[in-house]
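User: I should like to work through this structure step by step. Please begin with the terms that are needed and then answer my questions in turn.

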Amino acid sequence: MTATDHPTVPGAPIEVRGLTKTFGGVTAVQDLSFDVRPGRVTGFLGPNGSGKTTTLRVLLGLVAPTAGTATIGGRAYRDLTDPLRTVGAALEAASFHPGRTARNHLRIQAMADGIDLARVQQVLDAVGMSEYADRRVGGYSMGMRQRLGLAGALLGDPGVLVLDEPINGLDPEGIRWIRSFLRSLAAQGRTVIVSSHMLGEVQQSVDDVVIIANGVLVRSGTIADLEAENPPVVLVDAPDRDALARALQEAGLPFTFGSDGFRVATHDAALVGHAAFVAGVELRTLHRLSTGLEDTFIALTTRGAAA
Ligand SMILES: Nc1ncnc2c1ncn2[C@@H]1O[C@H](COP(=O)(O)OP(=O)(O)OP(=O)(O)O)[C@@H](O)[C@H]1O
């Protein structure tokens, strides 16, 4: 399924307002407010235990909030007229019956939800699982379980998708696949919210971010704004620093100089290496410093956790 061969599926906005949830003495989420827009992929991010799953469970009507609201198109989940065709969710990839095949799982879910059984093959195709659909889930890899969870979320062809850690446990090919799949879902007009405990994991998949720590919102906005605040840097150094400075200048690469070498304002270490190679400059250091964005994420969530 791609954006071009699937009709538009208008998604509804998600609104969370003043949401608090306490379990006994534990405050999982506190006065949390944020918006998730249709037609975009939103990363819902925070360290383990920061309250992501609790928030998503409240949104899906699985847990009652202590205070505040979480709505889809202005309505609480229990007030949606057709919830299974409005919202699709994949919360726990590991909770499938190991003795059943993927196809049977989806057939049972479709029957329980009153969904046309023809959708089963369609969603299997959509997540690239047709080949494995008649094998027992007990033998599935984590990536295949993730795809099955996603297939279940898509059964009702919903405009809103709520996916808890869908990238967790995927191999590099699976990660590439899910990135483009999430993008195609949003391009069809759907609202897509994806939780993760690692910003780097979803950085290339999301348009917007909502970052929480210790149950409290620490940041929401576009990923582009977050990236612009902390641009990536490549560290490079050479025995002949004058020659390296000339090489960088000739290549038009902006840089600053520090005690450990030159900091070049680019994410592409190969570009810097090539500039040195062309100028015949030998290097002793060449690497990308940890992505600026990951540093920002850690700083934001550590500060939030301490609050
Ligand atoms: N049913 C529950 N009973 C008691 N405490 C709970 C319950 N559910 C969650 N919590 C607590 O609420 C806090 C937030 O947990 P939650 O699972 O929402 O975080 P998370 O960000 O989804 O973390 P993870 O990525 O580890 O799943 C944690 O301290 C957790 O122990």
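Analyst: A residue is near a molecule if its C-beta atom, placed from the backbone, lies within 6 Å of it. The model discussed here is predicted.

User: Which element gives the most residues to the shell around the ligand?

Analyst: The ligand is surrounded by a set of residues that includes Phe23, Val26, Ala28, Lys52, Thr53, Thr54 and His197. Two elements give two or more residues to this shell, namely strand 2 (26-36) and helix 1 (52-59). The element that gives the most, with 3 residues, is helix 1.

User: How many residues of that shell are polar?

Analyst: The shell also includes Gly46, Asn48, Gly49, Ser50 and Gly51. Glycine is counted among the polar residues in this scheme. The shell divides into 3 nonpolar residues, 1 charged residue and, as the number asked for, 8 polar.

User: What distance separates the centres of domain 1 and domain 2?

Analyst: The protein chain is divided into domain 1, residues 14-221, and domain 2, residues 233-290. Taken over C-alpha atoms, the centres of domain 1 and domain 2 are separated by 42 Å.

User: Which strands are the edge strands of the open sheet of 6 strands?

Analyst: This open sheet has mixed pairing, and its strand order is 5-6-7-3-8-9. An edge strand pairs on one side only, and this applies to strand 5 (87-90) and strand 9.

User: What angle does the direction of helix 6 make with that of strand 7?

Analyst: Neighbouring strands of the sheet of 6 strands are turned by 15° against each other on average, direction ignored. Helix 5 (residues 142-154) packs on this sheet, touching strand 5 and strand 6 (160-163), and its direction makes about 165° with that of strand 5. Helix 6 (residues 172-187) also packs on the sheet and touches strand 3 (41-45), strand 6 and strand 7 (191-196); with the direction of strand 7, its own makes about 150°.

User: Which residue takes a positive phi in the hairpin of strand 8 and strand 9?

Analyst: Strand 8 (residues 208-213) and strand 9 (residues 216-222) run antiparallel and are joined by 6 bridges. Ala213 has Val216 of strand 9 as its bridge partner. The hairpin has 2 residues between the strands, and the residue with a positive phi near 55° is Asn214.

User: Which residue of strand 12 stands opposite Gly258?

Analyst: Strand 12 belongs to an open sheet of 4 strands with antiparallel pairing and the order 11-12-10-13. The edge strands of this sheet are strand 11 (255-258) and strand 13 (285-288). Strand 11 is joined to strand 12 (residues 261-264) by 4 bridges. Opposite Gly258 in strand 12 stands Gly261.

User: Which strands does helix 10 touch?

Analyst: Helix 10 (residues 269-278) packs on the sheet, and its direction makes about 155° with that of strand 13. The strands that helix 10 touches are strand 10 (234-237), strand 12 and strand 13.

User: Why does Pro83 count as partly exposed?

Analyst: Pro83 lies in helix 2 (residues 83-86). A residue is buried if 20 or more other C-beta atoms lie within 10 Å of its own, and exposed if 12 or fewer do. Pro83 has 19 C-beta neighbours inside 10 Å, and therefore Pro83 counts as partly exposed.

Technical notes: Residues are numbered from 1 along each chain as its sequence is written. This is a predicted model: local features need pLDDT of at least 70, side-chain atom pairs count only at pLDDT 80 or more; totals for chains, interfaces and linings use all residues. Domain bounds come from an automatic or database domain assignment. Two strands pair if DSSP finds at least two bridges between them. Two residues are in contact if their C-beta atoms, placed from the backbone, lie within 7 Å. Axes are lines fitted to C-alpha atoms, for helices over the stretch in contact, and angles run from 0 to 180 degrees between N-to-C directions.
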